[in-house]
Amino acid sequence: MNRKTLYTLTSSQKMMIFVLSMSLYGLSNMFTELIPEFRLGPIELSVEYFAFIPLTLCMLFHPLYAAVGAALGEVIFGELMLGQFGGLGELEKFLTFSFAMYVAGRMVRNPQNRLQVGTAAITGVIIHQLCSSLVDIGKVWIGVEEFEAVPGLAQSVVIVEGVGFLNDVLFSGILFALLPTLYLVPRLYGKIEPLLGIKPRDKSTKYEAAGVISPKLVLSGIALALIAFGAESLSETDWNFGEWDSGLADRLGSGAIWLSIAAAAVVAVIVLLTMRAKRTRSIPTGDESENLPYA
């Protein structure tokens, strides 16, 4: 029989990946708030995000749980812990970011193949930034948001958003997504997976979420993009329910960011210690190391 073993994860392993991705990306997202922006004439250089964290986890583990966990981490530690929430506007960021990271994770069949890893990493960034730019352009064109770059000329938003798209992809996308992911994924492959008590996936394993970008996935992406656009458009109107601000960030200033960083760090440390404890209790001996479960 040449049937490949199906690579799956148990519920506890999926939850561990979810929480780990949520805490690590939430932690990194807070640090980006402390990094100053630089301007070179009309070009603004800023660190959009440390996307290599969710990209790495999506490529090594199950992309769905790592992607959704990272997107939720930004909401919890980047919004709720600061005492603020953008209502429906947060749904657009959640959907586009988690979908982009999920697609990037699906594209990698072999984590040791740097071409696959690099292509997937930059593709994930492009998908996210493109969706965000199209949503912003659409809001101006349908009239729910004003744009003053060229008064009375809604088409000017295309140029401005296009420049912003290229800036985010070429600056944050390469420096803080592509290059770190190219370095980390091959190096961590085979070393971090045993912490969860699972084998690294390889060519001899049929991974349940890896493969080519199917038409079903493309249609799902279009549907999510439309939902994201609708939610972001409603957030600019009186229909934006769920928005609130406790004023904590205004009262504490940068102290609120450090509070959120501390909370994310505590969660990450707890998850890592739990993973280590489970690994210590289940270390196999002799040839039993060849029988670590896939599920």
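## Helix packing and burial: worked exercises

The crossing of α5 and α7 is right-handed. A crossing counts as right-handed if the near helix is turned clockwise from the far one by less than a right angle, and as left-handed if anticlockwise. The model is predicted: local features need pLDDT of at least 70, side-chain atom pairs count only at pLDDT 80 or more, and totals for chains, interfaces and linings use all residues. Residues are numbered from 1 along each chain as its sequence is written, and side-chain values use heavy atoms, with hydrogens and water left out.

**Exercise 1. Take stock of the protein: how many helices and strands does it have, and what share of its residues is buried?**

Solution.
- Count the elements. There are nine helices and six strands. Both are DSSP runs numbered from the N terminus: helices are H or I with at least four residues, strands are E with at least two.
- Take burial next. Buried residues make up 46% of the 295 residues. Buried means under 20% relative accessible area, exposed over 50%, and partly exposed in between (1.4 Å probe, protein chains only).
- Finish with contacts, meaning heavy atoms within 4.5 Å. Among contacts between residues at least 6 apart in sequence, 82% join residues at least 24 apart.

**Exercise 2. Classify the packing of α5 on α7 and list the residues that meet.**

Solution.
- Start with geometry. The axes of α5 (residues 114–142) and α7 (residues 215–235) come within 10 Å and cross at roughly 50 degrees. Axes are lines fitted to C-alpha atoms, for helices over the stretch in contact; angles run from 0 to 180 degrees between N-to-C directions.
- Assign the class. The angle makes α5 oblique to α7. The cut-offs: under 35 degrees is roughly parallel, over 145 roughly antiparallel, 65 to 115 roughly perpendicular, and the rest oblique.
- List the residues. V135, G138, K139 and I142 of α5 meet F229, E232 and S233 of α7.
- Sort them. The contact of α5 with α7 has three nonpolar, two polar and two charged residues. Ala, Val, Leu, Ile, Met, Phe, Trp, Tyr, Cys and Pro count as nonpolar, Asp, Glu, Lys and Arg as charged, and the others, Gly among them, as polar.

**Exercise 3. Do the same for α1 and α2, then find how many residues of α2 are buried.**

Solution.
- Helix α2 spans residues 52–60, and its axis lies 9 Å from that of α1 at an angle of about 160 degrees.
- The pair is therefore roughly antiparallel. Their crossing is right-handed.
- On the α1 side, L20, S21, L24, Y25 and S28 make the contact; on the α2 side, I53, P54 and L57 do.
- By class, the contact of α1 with α2 has six nonpolar, two polar and no charged residues.
- Nine of the nine residues of α2 are buried, so α2 is largely enclosed by the rest of the structure. They are F52, I53, P54, L55, T56, L57, C58, M59 and L60.

**Exercise 4. Compare the span of α3 with its expected value, then describe its packing on α4.**

Solution.
- Helix α3 (residues 63–78) has 16 residues. Its first and last C-alpha atoms are 22 Å apart, close to the 22 Å expected. The expected span is 1.5 Å times one less than the number of residues.
- Helix α4 covers residues 89–107, and it packs on α3 at about 150 degrees with the axes 8 Å apart.
- That makes α3 roughly antiparallel to α4. The crossing is right-handed.
- α3 contributes P63, L64, A67, V68, A70, A71, L72, E74 and V75; α4 contributes K93, F94, F97, S98, M101, Y102, G105 and R106.
- By class, the contact of α3 with α4 has 12 nonpolar, two polar and three charged residues.
- Check burial. The buried residues of α3 include A66, G69, G73, E74 and G78.

**Exercise 5. Place N29, V140, A262 and L170: which helix holds each residue?**

Solution.
- N29 lies in α1 (residues 11–34). At 7% relative accessibility, N29 is buried. Beyond its neighbours within four places in sequence, N29 touches E74 and G78.
- V140 sits in α5. Its relative accessible area is 9%, so V140 is buried. V140 and V158 are 18 residues apart in sequence and 9.7 Å apart, C-alpha to C-alpha.
- A262 belongs to α9 (residues 254–281). At 39%, A262 is partly exposed. Its C-alpha is 9.9 Å from that of M30, 232 residues apart along the chain.
- L170 is in α6 (residues 156–188). At 55%, L170 is exposed. L170 and I122 are 48 residues apart in sequence, with C-alpha atoms 9.4 Å apart.
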